[in-house]
Amino acid sequence: MKVRKSLRLAVNILVHSKLRSWLTIIGIVIGIAAVVAIVSIGAGLQQDVESHLGGLGADLITISPGGGRASAGFRGPPGHEQGSTATSTDAENLTKKDVQVLQSVDGVALIQATVSGQGEVYYLGEKASVSIEGVDPLVWKEMTTSELASGRFLGPSDYNVVIVGNSIAENTFKQPLTVNRMITIEDKPFRIVGILQESGGFGGDDRSIIMPIDAARDTLEDVGEEEFDSITIKAANTDDVEQIMEEAEQKLLISRHLTEDTKDFRISSSQSTLETMSDITQTISSFLTAIAAVSLLVGSVGIANTMFTSVLEKTKEIGIMKAIGAKNGDIMMIFLLNSAIVGLVGGLLGIGLGTGISSLLPLLGMGIMGMGGAGMTTVITPLLLIGALLLSMGIGMAAGVIPAYRASKLKPVDALRYE
Amino acid sequence: MESHLIKLENVWKIYQMGDVQVPALRGIDLEVEKGEFLAIAGSSGSGKSTMMNLIGCLDLPSKGRIFLGGNDIASFGESQLAQIRGRKIGFVFQQFNLIPTLTALENVMLPLEFQDVDTSKARKKALEILNLVGLSDRVHHLPSQLSGGQQQRVAIARALAVDPEIILADEPTGNLDSKTGAFIMDLLSGVHREDSKSVIMVTHDFHLVKRADRIVYLKDGEIERIEHNHKEQGGA
Ligand SMILES: Nc1ncnc2c1ncn2[C@@H]1O[C@H](COP(=O)(O)OP(=O)(O)OP(=O)(O)O)[C@@H](O)[C@H]1O
Ligand SMILES: [Mg+2]
């Protein structure tokens with residue numbers, strides 16, 4: 001018998017099946033929904049990480065003080081350390097000498113040394129504590145991936161002017177900050193010359209104020225002359241990043257009279273940070289997917305159970321079909337397709353539910369892993385949907401194999417006698 | 001080869017019930033000719049259904065041999081047996097045995113679909129036969145929406161759909177009143193006469209038995225006697 005006809009019979013069985021058998025679909029629905037939602041969250045995380053970190057360029061290497069800390073993964077993106085002054089006071093700060101040493105490393109295109117810290121900002125009678133970054137205006141303009149929403153970049157002769165991150169400009173004060181407004185930082189007046197575009201939740205300069213490094217030194221406490229809170233290297237060639245990192249580390253160790261064990265600085269690249277982040281999101285997704293898989297397994301056992309019952313209930317009909325010429329393969333096909341359709345229907349409903357959940361999650365504004373409260377992104381690709389459908393169909397079929405085989409092996413006389 | 005359509009040679013069927021062996025058929029020898037109308041009679045439990053199931057390839061004998069068109073059915077594999085059931089034999093059961101979730105038309109089309117007949121051809125053929133059994137106005141009804149007699153007519157239509165050589169009817173009128181039963185009988189003897197199909201029918205009904213060419217009386221799994229009915233044949 002042709003598959004199309006077996007399919008018709010399989011659908012006929014399904015259409016006439018009892019509510020009880022439909023209920024077992026729920027296991028698959030929930031499992032597939034969970035898989036779709038989880039994978040879409042995972043893909044969203046991945047995308048967030050990539051767009052916000054990867055946007056900074058794969059050619060950036062960051063050196064920051066505080067080597068005692070083993071994990072560099074979560075300290076934020078290179079060159080844009082936020083709130084890192086807390087640790088930078090503990091460790092020996094980076095110095096002008098370090099910058100000079102790094103300049104001698106092969107393959108370095110640009111070096112940016114920055115100072116950073118928290119500063120009290122006053123605006124129209126309101127006060128807020130904001131992270132301040134002092135940068136070399138010319139180099140920063142070259143290296144940053146942030147773009148201006150309005151105004152201009154810092155110039156070489158600028159002193160008491162700032163560029164404000166999007167989030168601070170829009171949300172920190174009742175009145176939004178705009179270009180040419182004056183603000184007071186640590187009792188000093190500054191004029192806003194530029195507002196940055198929103199860079200997204202993770203990393204970026206959304207929650208920073210950027211000013212010339214000289215002004216930052218005069219404004220921030222705890223920043224010694226000739227000292228820096230971080231140094232960012234832009235590699236001339238992306239392929240050399242690894243090698244530059246190694247050479248920079250060796251040279252810094254020598255010039256700072258340190259060994260591997262007493263190392264008091266960290267070197268990370270946007271690439272390595274990206275990889276760490278990816279690893280973490282990957283781990284989280286696989287863990288959640290494993291949970292979803294368990295629910296799928298339970299669902300498939302449910303379907304198998306229903307199929308066994310269905311075969312039992314249909315014993316007489318199987319006998320009839322065999323009496324009028326059905327081959328074992330025909331019976332097998334009918335019941336296998338039947339359970340595949342059950343899986344497919346479960347998959348479709350699950351995809352609907354999962355897509356619903358995954359599109360609702362960002363609306364809840366759930367911030368995951370302190371991602372700047374920008375909400376989470378979920379990504380649903382056609383591949384995910386097709387994969388989920390195939391998976392649900394496969395599960396349905398797998399669950400139906402044994403019952404279908406049993407059905408096909410029934411002896412016609414015995415099946416006919418069954419009441 | 002040509003002589004006998006069906007031949008049973010010392011056929012035994014022994015059912016194993018736990019430790020007990022129940023012999024349902026004990027050494028049956030029988031030949032059925034092409035185009036013959038054979039009736040099988042006998043008391044309940046005498047082995048009539050067992051014999052029908054064996055002839056219909058729904059089961060295999062415990063001992064002895066059954067030949068269909070000269071071939072020993074024991075030599076066939078499962079799928080070949082299925083093919084014989086599907087092409088050469090049409091079953092009519094006492095319980096009608098229609099698929100409850102399929103309409104009359106779909107039930108009649110089903111054996112054709114198992115034979116990979118084109119859907120449109122199968123449909124045409126099924127409608128034709130349903131018309132023949134007088135059910136053209138009921139083709140889209142489910143079995144549950146039909147009377148017993150109508151259901152049995154659908155079952156006969158289904159048995160005829162593949163144009164089989166042999167019709168096996170196990171008490172086809174057993175669940176019907178005598179008037180409806182007579183109608184079913186007319187149908188069966190009609191196909192026997194007009195299409196010269198072999199019809200083997202189990203019945204308790206003394207009146208129906210008289211329509212057959214031969215009557216085989218079974219008793220305790222053995223053939224007690226065989227009667228010949230010549231006059232009916234001549235009348236037709
Ligand atoms: N599957 C089976 N297992 C065990 N014994 C069986 C089985 N099928 C039939 N029998 C036995 O075989 C004998 C013949 O049964 P069969 O159904 O052929 O009788 P029958 O002549 O058709 O009777 P009835 O007129 O009541 O239908 C009976 O004694 C029955 O109990
Ligand atoms: Mg019987």
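**Entry 1. Ligand 1 and its shell**

I started with ligand 1 and listed what surrounds it in this predicted model. The shell holds 14 residues. The closest are B:Ser44, B:Gly45, B:Lys48, B:Ser49 and B:Thr50. I then asked which chains surround ligand 1. Residues of both A and B do, so the site is shared between chains.

Next I sorted the shell by class. I noted eight polar residues, three charged and three nonpolar.

I looked up where ligand 1 sits with respect to the pockets. Ligand 1 occupies the largest pocket.

**Entry 2. Polar contacts to ligand 1**

I went through the contacts to oxygen atoms of ligand 1. From B:Ser44, a polar side-chain atom lies 2.6 Å from a ligand oxygen. The side chain of B:Lys48 places an N or O atom 2.8 Å from an oxygen of ligand 1. B:Ser46 uses its backbone instead: an N or O atom there is 3.3 Å from a ligand oxygen. I also checked coverage. On its own, ligand 1 has 630 Å² of accessible area, and the protein covers 72% of that.

**Entry 3. Elements behind the shell**

Which elements of chain B each supply at least two residues of the shell? I found strand S1 (6–17) and helix H1 (48–55). H1(B) gives the most, with three residues.

I stayed with H1(B) and asked how many of its residues are buried. Seven of the eight are, so the helix is largely enclosed by the rest of the structure. I wrote down the buried ones: B:Lys48, B:Thr50, B:Met51, B:Met52, B:Asn53, B:Leu54 and B:Ile55. B:Lys48 is thus a buried residue of H1(B) and also among the closest to ligand 1. The same two notes apply to B:Thr50, which is on the buried list and on the list of closest residues.

Just past the helix I checked the backbone. B:Cys57 takes a positive phi of about 60 degrees.

**Entry 4. Positive phi elsewhere in chain B**

I kept a reminder here: most residues other than glycine have a negative phi. I then looked at two residues that do not follow this.

B:Asn10 has a positive phi, near 45 degrees. I placed B:Asn10 in strand S1 of chain B, an element that supplies at least two residues of the ligand 1 shell. Its relative accessibility is 38%, so B:Asn10 counts as partly exposed.

B:Ser196 also has a positive phi, near 40 degrees. Where is B:Ser196 found? I located B:Ser196 in the loop between helix H6 (178–195) and S8 of chain B. B:Ser196 is partly exposed, at a relative accessible area of 40%.

**Entry 5. B:Ile200, in S8**

I moved on from that loop to strand S8 (residues 198–202) of chain B, which contains B:Ile200. Buried or exposed, I asked of B:Ile200? Its relative accessibility is 0%, so B:Ile200 counts as buried. I also took one long-range distance. B:Ser75 is 125 residues away from B:Ile200 in sequence, and their C-alpha atoms are 23 Å apart.

**Entry 6. B:Arg214**

I turned to strand S9 (residues 214–219) of chain B, where B:Arg214 lies. B:Arg214 has a relative accessibility of 12%. The cut-off for buried is under 20%, so B:Arg214 qualifies.

What does the side chain of B:Arg214 reach at 2.5 Å? I found the backbone oxygen of B:Glu31 there. The side chain of B:Arg214 makes a polar contact with the side chain of B:Glu36 as well, at 2.4 Å.

**Entry 7. Two residues of chain A**

I closed with chain A. A:Val161 is in strand S6 (residues 161–164). A:Val161 is buried, with 5% relative accessible area. I paired A:Val161 with A:Arg191, 30 residues apart along the chain. Their C-alpha atoms are separated by 4.7 Å.

A:Phe287 is in helix H10 (residues 270–313) of chain A. I asked whether A:Phe287 is buried or exposed. Its relative accessible area is 56%, so A:Phe287 is exposed. I checked A:Phe287 against A:Ile38, which is 249 residues apart along the chain. The C-alpha separation of A:Phe287 and A:Ile38 is 9.7 Å.

Technical notes: Residues are numbered from 1 along each chain as its sequence is written. Chains are lettered from A and ligands numbered from 1 in the order in which they are written. This is a predicted model: local features need pLDDT of at least 70, side-chain atom pairs count only at pLDDT 80 or more; totals for chains, interfaces and linings use all residues. Side-chain values use heavy atoms; hydrogens and water are left out. A residue is near a molecule or strand if one of its heavy atoms lies within 4 Å of it. A polar contact is a pair of N or O atoms within 3.5 Å; within protein, one must be able to donate a hydrogen and the other to accept it, and residues adjacent in sequence count only if both atoms are side-chain atoms. Accessible areas come from the Shrake-Rupley method with a 1.4 Å probe; for residues, only the protein chains shown count as cover. On a 1 Å grid over the protein atoms alone, a cavity is a set of points where a 1.4 Å probe fits but cannot get out, and a pocket is an open set with protein on both sides within 12 Å along at least five of seven lines; lining residues have an atom within 4 Å of a point. A molecule sits in a cavity or pocket if more than half of its atoms lie within 2 Å of its grid points. Helices (H or I, at least four residues) and strands (E, at least two) are DSSP runs, numbered from the N terminus. Ala, Val, Leu, Ile, Met, Phe, Trp, Tyr, Cys and Pro count as nonpolar, Asp, Glu, Lys and Arg as charged, and the others, Gly among them, as polar. Buried means under 20% relative accessible area, exposed over 50%, partly exposed in between (1.4 Å probe, protein chains only).
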